[in-house]
Amino acid sequence: MIHHLAADAFAPYGKVLDSTLQVDDSAPAFHSVSSSFYRAAPFDPGEDGEVDLLWVTYDRTEIPRTLESHLLTEQALIPISGSVVQHVRRPDHRDGAVESFLIQPGQGIVMDRGCLHTTTSVSGKALCLMVSRASTTQDLADSLSHGVEPTETVYGPCSSSDDST
């Protein structure tokens, strides 16, 4: 079952980015007829981490058998064109079941450090902006391209029944 993205439902995994203008005294913001801005969410790349902005494309609808989790950083995902489904799992939440959330352009998420996840497209190619940690991006690229054992990313099964713990 794919859930519509809602802050309360996604809270165990991270934060929802809402594109509705939000102006309050807790964060910098400006609103006018011609231009407005506000902070969607803080982002924590971890201790001594450098923020990395990535263009990511997804063109798969089948859920992979493994999920990834980043040990040192949060990770944000914001669809630009095309919708995606974010599949997330935490062994300590809902008996470790995978939950799936539809994320459409104009929405986004920031996943907590350690959240197991993978992304699929809804129909055809989807382009997303991803915010991550530069060293985690390099670590993952080295792992996927050259078979190097990652140090900042771990993998886990999609199903809680596959857990060895």
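Visitor: What volume does the largest pocket have in this model?

Guide: The volume of the largest pocket is about 450 Å³. Its lining comprises 25 residues, and those closest to its centre are Y58, R60, E68, L140 and L144. The model is a predicted one.

Visitor: Which elements of secondary structure supply at least two residues each to the lining of the largest pocket?

Guide: They are strand 5 (51-58), strand 6, strand 11 (116-121), strand 12 (126-133) and helix 2 (134-146). Helix 2 contributes the most, giving five residues. By residue class, the lining of this pocket holds eleven nonpolar, eleven polar and three charged residues.

Visitor: What makes a space a cavity rather than a pocket?

Guide: A space is called a cavity when a 1.4 Å probe fits in it but cannot get out, whereas a pocket is open. One cavity of 30 Å³ or more is counted here, and the largest cavity holds about 30 Å³ of space.

Visitor: Which residues line the largest cavity?

Guide: The lining consists of H70, T73, E74, Q75, M111, D112, G114, C115 and H117. These divide into two nonpolar, five polar and two charged residues.

Visitor: How do you know that E74 and K15 form a salt bridge?

Guide: The rule asks for a side-chain nitrogen of Lys or Arg within 4 Å of a carboxyl oxygen of Asp or Glu. In the pair of E74 and K15, the closest N and O atoms are 3.1 Å apart, and the pair therefore satisfies the 4 Å limit. It links distant parts of the chain: E74 is in the loop between strand 6 and strand 7, K15 is in strand 2 (residues 14-18), and 59 residues separate them.

Visitor: Are E74 and K15 buried, partly exposed or exposed?

Guide: Buried means under 20% relative accessible area, and E74, at 11%, is therefore buried. K15 has 28%; this value lies between 20% and 50%, so K15 is called partly exposed.

Visitor: How many salt bridges are there by this rule?

Guide: The count is three salt bridges. In another of them, the side chains of R113 and D44 meet at 3.1 Å, N to O. R113 is in the loop between strand 10 (107-111) and strand 11, and D44 is in the loop between strand 4 and strand 5, 69 residues apart. Partly exposed is the class for R113, at 38% relative accessible area, and for D44, at 35%.

Visitor: Why does the contact of E152 with R133 count as a salt bridge?

Guide: The closest N and O atoms of E152 and R133 are 3.7 Å apart, which is within 4 Å, so the rule is met. E152 lies in the loop between helix 2 and strand 13 (153-157) and R133 in strand 12, so the pair ties together parts that are 19 residues apart in sequence. E152 has 10% relative accessibility and R133 has 9%. Both values are under 20%, so E152 and R133 are buried.

Visitor: Why is T136 called buried?

Guide: The relative accessible area of T136 is 1%. This is under the 20% limit, so T136 is classed as buried. T136 is placed in helix 2, and its C-alpha atom is separated by 9.9 Å from that of Q75, 61 residues apart along the chain.

Visitor: What makes D48 and D92 exposed?

Guide: Exposed means over 50% relative accessible area. D48 has 74% and D92 has 60%, so both residues meet that condition. D48 is in the loop between strand 4 (36-38) and strand 5; it has a positive phi of about 60° although it is not a glycine. D92 is in the loop between strand 8 (84-89) and strand 9 (99-103). The C-alpha atoms of D92 and G124 are 33 Å apart, with their positions 32 residues apart along the chain.

Visitor: Which residues make the nonpolar surface patch?

Guide: L71, L72 and V154 form this patch, of about 210 Å². L71 lies in the loop between strand 6 (66-70) and strand 7 (75-81).

Visitor: How do you know that L71 is accessible enough to belong to a patch?

Guide: A patch residue needs over 30% relative accessible area. L71 has 38%, so the requirement is met, and L71 counts as partly exposed.

Terms used
Residues numbered from 1 in each chain as written. Predicted model: local features only at pLDDT ≥ 70, side-chain atom pairs only at ≥ 80, totals over all residues. Heavy atoms only, no water. Patch = residues over 30% accessible without salt bridge, like charges linked within 9 Å, V, L, I, M, F, W, Y side chains within 5 Å. Areas by Shrake-Rupley, 256 points an atom, 1.4 Å probe, with all protein chains shown as cover. Helix = DSSP H or I, 4+ residues; strand = E, 2+ residues; numbered from the N terminus. Buried < 20%, exposed > 50% of the residue type's maximum accessible area, 1.4 Å probe, protein only. 1 Å grid on protein atoms, 1.4 Å probe; cavity = no way out; pocket = protein on both sides within 12 Å on 5 of 7 lines; lining within 4 Å. Points joined across faces, edges and corners; volume = space filled by probe spheres on them. Nonpolar A, V, L, I, M, F, W, Y, C, P; charged D, E, K, R; others polar.
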